[in-house]
Amino acid sequence: MNDKSQAPAIELIGIDKKFGAVHANKNINLTVAKGSIHGIIGENGAGKSTLMSILYGFYQADQGTIRIAGEVTTIKDSQAAIAAGIGMVHQHFMLVENFTVLENLMLGAEGGALLAKGTDAARAALKKLEEDYELEVDPDAVVEELPVGLQQRVEILKAMYRGAEILILDEPTGVLTPAEADHLFKILGVLRDQGKTVLLITHKLREIMAITDTVSVMRRGEMVATRKTAETTVEELAELMVGRRVLLQVDKGAANPGEIYLSVRNLTVKDGRGVTMVDNVSFDVRAGEIVGIAGVAGNGQSELLEAITGIRKPTSGEIFICGEPVAGYDPAKLRSIGLAHIPEDRHHMGLVLSFEESQNSILGYHRDEQYGKGPFLSPDLVRQAAAVEIEKYDIRPPNPRLKTANFSGGNQQKIVVAREIERDPKLLIVGQPTRGVDIGAIEFIHKRIVETRDAGKAVLLVSVELDEIRSLSDRILVMFAGKVVGEKTPDTGEQTLGLMMAGIAA
Ligand SMILES: Nc1ncnc2c1ncn2[C@@H]1O[C@H](COP(=O)(O)OP(=O)(O)O)[C@@H](O)[C@H]1O
Ligand SMILES: [Mg+2]
C-alpha cells in the first residue's frame, strides 16, 4: 500500500496456533479499520484471548502474518507490541497495588527507573491524557485504594502514556458495575473519536451492540463472520456464536411460593483476615421460588454462600433450614438434611479434575447406599448412575470413564449441576452457575434451575451477571458492602439495580 495513512490499523493474515491437540486459532484472517471500535465475540474457548495474546506478543503464532498500519510486524514480546503502538488492558490488572497512579504510569515506561526525576513531566503528560480522553483519576491516589473501575482506567491511561494507537480490552466489564461499564464505553468512544483503534473482546452481546462499529464472531478457533454492527442483530450474532438458534430469554411462569425452607437471621460472617464480609443479614427463601442475590463481586456474596453451605463458620446470627438451626453443621450434615450446592468455583470446590467423570458425579454423596455397601464403592454402580445423568444433562462426550479435566468448561459445570439437582434437594444453593460456560449450556442450566423451582424446591442464586439474576429470580436482593441494601422485583430496571449495587441508592 502506498499511502500508509489509509492502511487498516491491523491485518491478521492466516494466523494459526495450536496448543498440543487444541487448535485454538485456525487460519484466522481479520482486518480492523483505523479509528474504529471492533468487537470480537465468541463463546468461552472460541480462541479470542489466544488471538489477542498473539497480537500482544504473549504467544507466537505457528503460522501467519501481522501487519500494523500496513507494515508487516513481528511481535515477539509485549515490548515489541508496545513499540508497535499496541496497548492491552488485561482481565487481571497488571498494576502495582501499593504504588500511586502516577508511579504506575511511569513504571516500565521510558526512563521508568528515574521515577523522581521524571515526575513533573509525567504529571503534565498525565494531565494532558486525562483532558484528551476524559479519563479523570487522581494521580496521587494509591492504586489499591481505588475502586475497580478506576483501576481499569489507570490501565488505559498507562497504555495511552506509552503511545498506544491500538488498545485491546479482553473482557473488560466482568468486574464492573453497569454504571462503570457505561463509563468505560464512553471513554472508548472518545478514544475512537480521537482516531485510536479499539479491539473489544467480550462474550456479551449487549456490549457489542451498544458500542462497536464492526463485530467479528469466533467459533471453535475459527473466524466465522464479520458484520457492521448496525447491520446485524443480537439473534444473528448469537446464532453465529453457537452455530444454531438459541433462546436468550428464560421461559418461566409465575412463582408459587410455599413454606420457608431457608431462613437467615442477623447473620454476620468474617473472612480469613477478620474483616466483616456479611453484616447482619436477614432474609428468607420459600419453597417454589428463586431468590437472586445481585451484587458486584466481593460484596459478601461468597462469604454468605460459604456460611449457608457449612464451609465458613458465621461470627453471629442464625441459619435455619426447614426450621432446623444449622449454623454449626458441616457440608455433609447439611447435604443429609436436603441442601444441595452448586459452588461458585467449580474447579476449586465442585470437582476433582483428575478423577474420572463418574467419580465427580457422586462427589460428596459417595456414602449413599446405592453406590455399594459399607466403605467400598462399586465402580460399576457409580458409572451406571453417572451414565443416567450424562444422558439426561446431555454431558459430552458421554463417557463416565473420561477424566474430568478433559471435559469443556460447560460440560464440567453440567456434571456439577446434574449431581446437585438429581439429589432431589429441598434447598438448592447456586453460585455463579454459568461463569465460563457457553451460551448453549447457559440456556440448558437456566432451564434446569427453573424446573427445580417448579418442582417445589427453594432456590438461592448468587450471580455477578445482572442479566442472569433478572431473568431467573422471582425476588432480587441486592448486596453491597456486606449488607442487603434492598429487595426488588425482577422487572426492576438495570440502572436502578446498578445504582444499588454501587451503593448509591437503595
Ligand atoms: N496456554 C494454553 N495451553 C493450552 N491450551 C490453551 C492455552 N491457552 C488457551 N488454550 C486453549 O485454547 C482454546 C481457546 O482458548 P481462549 O483463547 O482462551 O478462548 P476464549 O478467550 O475465546 O475463551 C481453549 O480450548 C483453551 O483451553
Ligand atoms: Mg478469553
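In this predicted model, ligand 1 is surrounded by Phe19, Val22, Ala24 and Tyr59, together with an unbroken run of residues made up of Glu43, Asn44, Gly45, Ala46, Gly47, Lys48, Ser49 and Thr50. Three of these residues direct polar side-chain atoms at the ligand: an N or O atom in the side chain of Lys48 is placed 2.9 Å from an oxygen atom of ligand 1, and a polar side-chain atom of Thr50 is found 2.5 Å from an oxygen atom of the ligand, whereas the partner of the polar side-chain atom of Tyr59 is a nitrogen atom of ligand 1, at 3.2 Å.

Helix 5, spanning residues 148-161, packs with helix 6, spanning residues 178-193, at an angle of about 15°, and their axes are 10 Å apart. Because angles under 35 degrees count as roughly parallel, the two helices are therefore described as roughly parallel to each other. Their crossing is right-handed. Helix 5 contributes Gly149, Gln152, Arg153, Ile156 and Met160 to the contact, and helix 6 contributes Glu180, His183, Leu184, Ile187 and Leu191; by class, the residues of this contact comprise five nonpolar, three polar and two charged.

Two features of the backbone may also be noted. The peptide bond that leads from Arg396 to Pro397 is cis, with omega near -5°, and Pro397 is located in the loop that connects helix 13 (379-392) and helix 14 (409-421). Asn266, which belongs to strand 11 (residues 260-270), has a phi near 45°, a positive value in a residue that is not glycine.

Methods. Residues are numbered from 1 along each chain as its sequence is written. Chains are lettered from A and ligands numbered from 1 in the order in which they are written. This is a predicted model: local features need pLDDT of at least 70, side-chain atom pairs count only at pLDDT 80 or more; totals for chains, interfaces and linings use all residues. Side-chain values use heavy atoms; hydrogens and water are left out. Axes are lines fitted to C-alpha atoms, for helices over the stretch in contact, and angles run from 0 to 180 degrees between N-to-C directions. Helices (H or I, at least four residues) and strands (E, at least two) are DSSP runs, numbered from the N terminus. Angles under 35 degrees count as roughly parallel, over 145 as roughly antiparallel, 65 to 115 as roughly perpendicular and the rest as oblique. A crossing is left-handed if the near helix is turned anticlockwise from the far one by less than a right angle, and right-handed if clockwise. Contact means heavy atoms within 4.5 Å. Ala, Val, Leu, Ile, Met, Phe, Trp, Tyr, Cys and Pro count as nonpolar, Asp, Glu, Lys and Arg as charged, and the others, Gly among them, as polar. A residue is near a molecule or strand if one of its heavy atoms lies within 4 Å of it. A polar contact is a pair of N or O atoms within 3.5 Å; within protein, one must be able to donate a hydrogen and the other to accept it, and residues adjacent in sequence count only if both atoms are side-chain atoms.
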